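Colleague: Got a minute to go through this one with me? I'd like to see how the labels are earned.

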Amino acid sequence: QNLYQVHLRRFLSHEMGIQLAHLNTKAGNAPSYTAFFIYNMSSRRLNPEMKGRPWNLQLGLGAYIDASKDLQAIFDPNTNSYTFVERNRTSYNLTTYVNVSIPLKKSWNLNFGQWYLRDRNVDINRFTLGLGTTF
């Protein structure tokens, strides 16, 4: 797909944080934004004496803002033609996510997650699976 995302995340404590994101297509015709409150749980926080690298679980709750526009056709009976105008169709909806990171070897992690959002009365679930590294 031609979707890209840019995220900014800041933890206010070891467990609580905020995340802001901008999402769009390479053509730039579908801007949207997210704002999340994040709860981070780590095996090291649960057991400070734990050996090895910790697993992490993040839960997010926030807002999804779809700021995309569409074209509306307006018929002019005098000229028997249509004029197309852009119209704003911004929507605001609830979004949630769950992200899990499990250590594998050395600096590698197995990451998987689920992102739910509701956009224009459509429920969307995005599932992720990948390898991550820390450095």
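Colleague: Why is asparagine 80 called exposed?

Modeller: Exposed means over 50% relative accessible area, buried means under 20%, and partly exposed is in between, using a 1.4 Å probe and protein chains only. Asparagine 80 has 61%, so it passes the cut-off for exposed. Bear in mind that this is a predicted model, where local features need pLDDT of at least 70, side-chain atom pairs count only at pLDDT 80 or more, and totals for chains, interfaces and linings use all residues. Residues are numbered from 1 along each chain as its sequence is written, and side-chain values use heavy atoms, with hydrogens and water left out.

Colleague: Where does asparagine 80 lie?

Modeller: In the loop between β5 (69-76) and β6 (81-88). Strands here are DSSP runs of E, at least two residues, numbered from the N terminus. Asparagine 80 also has a positive phi of about 55°, although it is not a glycine.

Colleague: And what makes lysine 106 count as exposed?

Modeller: Its relative accessibility is 77%, and over 50% is exposed, so the label fits. Lysine 106 sits in the loop between β7 (91-103) and β8, and its phi is positive too, near 45°.

Colleague: How do you know that β8 pairs with β9?

Modeller: Two strands pair if DSSP finds at least two bridges between them. β8 (residues 108-119) and β9 are joined by 12 bridges, so they pair, running antiparallel. One of the partnerships is glycine 113 with threonine 128 in β9.

Colleague: What makes β1 and β9 edge strands?

Modeller: In the open sheet, ordered β1-β2-β3-β4-β7-β8-β9, β1 (3-11) and β9 (122-133) each pair on one side only.

Conventions: Helices (H or I, at least four residues) and strands (E, at least two) are DSSP runs, numbered from the N terminus.
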